[in-house]
Amino acid sequence: VISPVQGTVRSIDEEKVDIDFNGIIVFAKQGMGSMRKGFLTIVSKADEDVLLTDIVQEHQNKVLLGGHFSRQIIQKAFGIGAASVLATSIDEGDFFHFEEAKLWNTSLLLIASVDYNELMGYQGREAVVEGMHKRIIIHV
């Protein structure tokens, strides 16, 4: 068993291993993709559109946090090699498009604005994003 965080094993049973660690776990509304790690990078405010010019080559292997991501913006982010996209808004058809595309080397999560506000305080820290499990883990 490999854990995405360092901590102390609290209990083990047939179905799970509970680990105590110093950090936060944020659960998303929707998620897809694999487990990815990267440094949390804010690209827009929670209530703003992410623009094409907001996504740059330096975002390769980063976890991008922003407001509304259009299909074109998500494609650019994944095209330059972003590890994950955490968005407060994604058009329903666009989320479905990426889910159907089965892009397993990335993670795409739809998060609540309140979770965006919590994550903002962790900019620059390494985040573990588990798309299939719809969660973001940050060790502090």
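Helices here are DSSP runs of H or I with at least four residues, strands are runs of E with at least two, and both are numbered from the N terminus. This is a predicted model, so here's the fine print: local features need pLDDT of at least 70, side-chain atom pairs count only at pLDDT 80 or more, and totals for chains, interfaces and linings use all residues. Residue numbers start from 1 along each chain as its sequence is written, and side-chain values use heavy atoms, with hydrogens and water left out. By that count, the protein chain has three helices and 10 strands.

**Overall layout**

- Reading from the N terminus, the order of elements is β-β-β-β-β-β-α-β-α-β-α-β-β.
- The radius of gyration of the protein chain is 15 Å, which agrees with the value near 14 Å for a compact globule of 140 residues. That radius is taken over C-alpha atoms, and the globule rule is 2.2 Å times the number of residues to the power 0.38.
- Along the principal axes, the C-alpha atoms fit a box of roughly 45 × 30 × 25 Å.
- Of the contacts with a separation of 6 or more, 53% join residues 24 or more positions apart; a contact means heavy atoms within 4.5 Å.

**Surface and charge**

- Of the 140 residues, 42% are buried. Buried is under 20% relative accessible area, exposed is over 50%, and partly exposed is in between (1.4 Å probe, protein chains only).
- The accessible surface of the protein chain is about 7,800 Å², and carbon and sulfur atoms own 49% of that. Areas come from the Shrake-Rupley method with a 1.4 Å probe, and for residues only the protein chains shown count as cover.
- There are 13 positive and 19 negative side chains, with the centres of the two sets 4 Å apart. Lys and Arg count as positive and Asp and Glu as negative, while His and the chain ends are not counted. Each charge is placed at NZ of Lys, CZ of Arg, CG of Asp or CD of Glu.

**Helices α2 and α3**

- Helix α2 (residues 92–101) buries D94, F95 and F98. These fall within an arc of 100° seen down the axis of α2, so they line one face of the helix. The arc is that of the directions from the helix axis to the C-beta atoms.
- That buried set in α2 packs against β4 (30–33), α1 (71–79), β7 (84–90) and β8 (107–110).
- Right after α2 comes K102, with a positive phi near 50°.
- In α3 (residues 113–120), the buried residues are D115, Y116 and L119. Down the axis of α3 they fall within an arc of 105°, so they too line one face of their helix.
- Cover for the buried residues of α3 includes β3 (23–27), β5 (35–42), β6 (62–69), β7 and β10 (135–139).

**T88 in strand β7**

- T88 sits in strand β7 and, at 13% relative accessibility, counts as buried.
- Leaving out residues up to four places away in sequence, T88 touches A46, G66, G67, H68, L110, I111, A112, S113 and Y116.

**Positive phi in loops**

- Most residues other than glycine have a negative phi.
- N61 has a positive phi near 65° and lies in the loop between β5 and β6. At 43% relative accessibility, N61 is partly exposed.
- K134 has a positive phi near 55° and belongs to the loop between β9 (126–130) and β10. At 35% relative accessibility, K134 is partly exposed.
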